[in-house]
Amino acid sequence: MEYITDEGGVLRGLVWADEDAKRNFSVFGDVVSFDATYRRNKYNMMFVPFTGVDNHNRNVTLGAAIIGNETAETYSWLLNVFREAFGRSPPEIVTDQDPAMKKAIEDTWPESRHRLCMLHIMDKLSAKVFSCWCYNLQ
């Protein structure tokens with residue numbers, strides 16, 4: 001477990017990974033997804049799961065974090081802690097289209113191939129197409 005605080009001692013981020021998560025990463029860590037789009041909790045922090053896929057096509061938890069903001073600086077800290085905990089960065093990383101995530105991955109894990117999540121792309125596409133379609137009906 002690793003954490004970061006601000007000048008006043010207030011928690012800004014926390015990363016957790018136990019031995020099971022590390023073992024899962026060693027076996028199923030070729031492609032890792034992380035997503036910080038969950039709602040903020042009462043402390044105004046977001047939950048960030050790191051997830052892989054096992055041989056049965058089921059999600060496997062590789063670690064988790066809570067963060068206070070979605071800046072490139074926070075994501076860079078998070079990715080550095082992840083690499084320290086697991087000994088390497090994954091060959092493939094899948095995220096949504098967050099520009100701060102993209103910058104942090106480019107700066108922190110340049111050896112990883114960054115992929116965008118098709119679920120997020122299709123969700124945004126259908127919302128935009130539907131809104132354009134509704135606008136044209138008026």
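The following dialogue discusses how to read a helix and an aromatic pair in a predicted model.

Me: What is the order of helices and strands along the sequence?

Reply: Helices (H or I, at least four residues) and strands (E, at least two) are DSSP runs, numbered from the N terminus. Here the pattern reads β-β-α-β-β-β-α-β-α-β-α, with four helices and seven strands. Residues are numbered from 1 along each chain as its sequence is written. In this predicted model, local features need pLDDT of at least 70 and side-chain atom pairs pLDDT 80 or more, while totals for chains, interfaces and linings use all residues; side-chain values use heavy atoms, without hydrogens and water.

Me: Which residues of helix α3 are buried?

Reply: An α-helix has 3.6 residues a turn, so residues three or four places apart point the same way. Buried means under 20% relative accessible area (1.4 Å probe, protein chains only). In α3 (residues 99-108), the buried residues are Ala100, Met101, Ala104, Ile105 and Thr108. They lie on the same side of α3, because their arc around the axis, taken from the directions to the C-beta atoms, is only 130 degrees.

Me: How are the rings of phenylalanine 25 and phenylalanine 82 arranged?

Reply: A pair of aromatic rings is described by the distance of the centres and the angle of the planes. Rings pair if their centres lie within 6.5 Å; planes under 30 degrees apart are stacked, over 60 edge-to-face and the rest tilted. The whole structure holds seven aromatic pairs. For phenylalanine 25 and phenylalanine 82, the centres are 5.4 Å apart and the planes at 85 degrees, so this pair is edge-to-face. Phenylalanine 25 belongs to helix α1 (residues 19-28) and phenylalanine 82 to helix α2, 57 residues apart. Both are buried.

How values were computed
Buried means under 20% relative accessible area, exposed over 50%, partly exposed in between (1.4 Å probe, protein chains only). Rings of Phe, Tyr and Trp (its six-membered ring) pair if their centres lie within 6.5 Å; planes under 30 degrees apart count as stacked, over 60 as edge-to-face and the rest as tilted.
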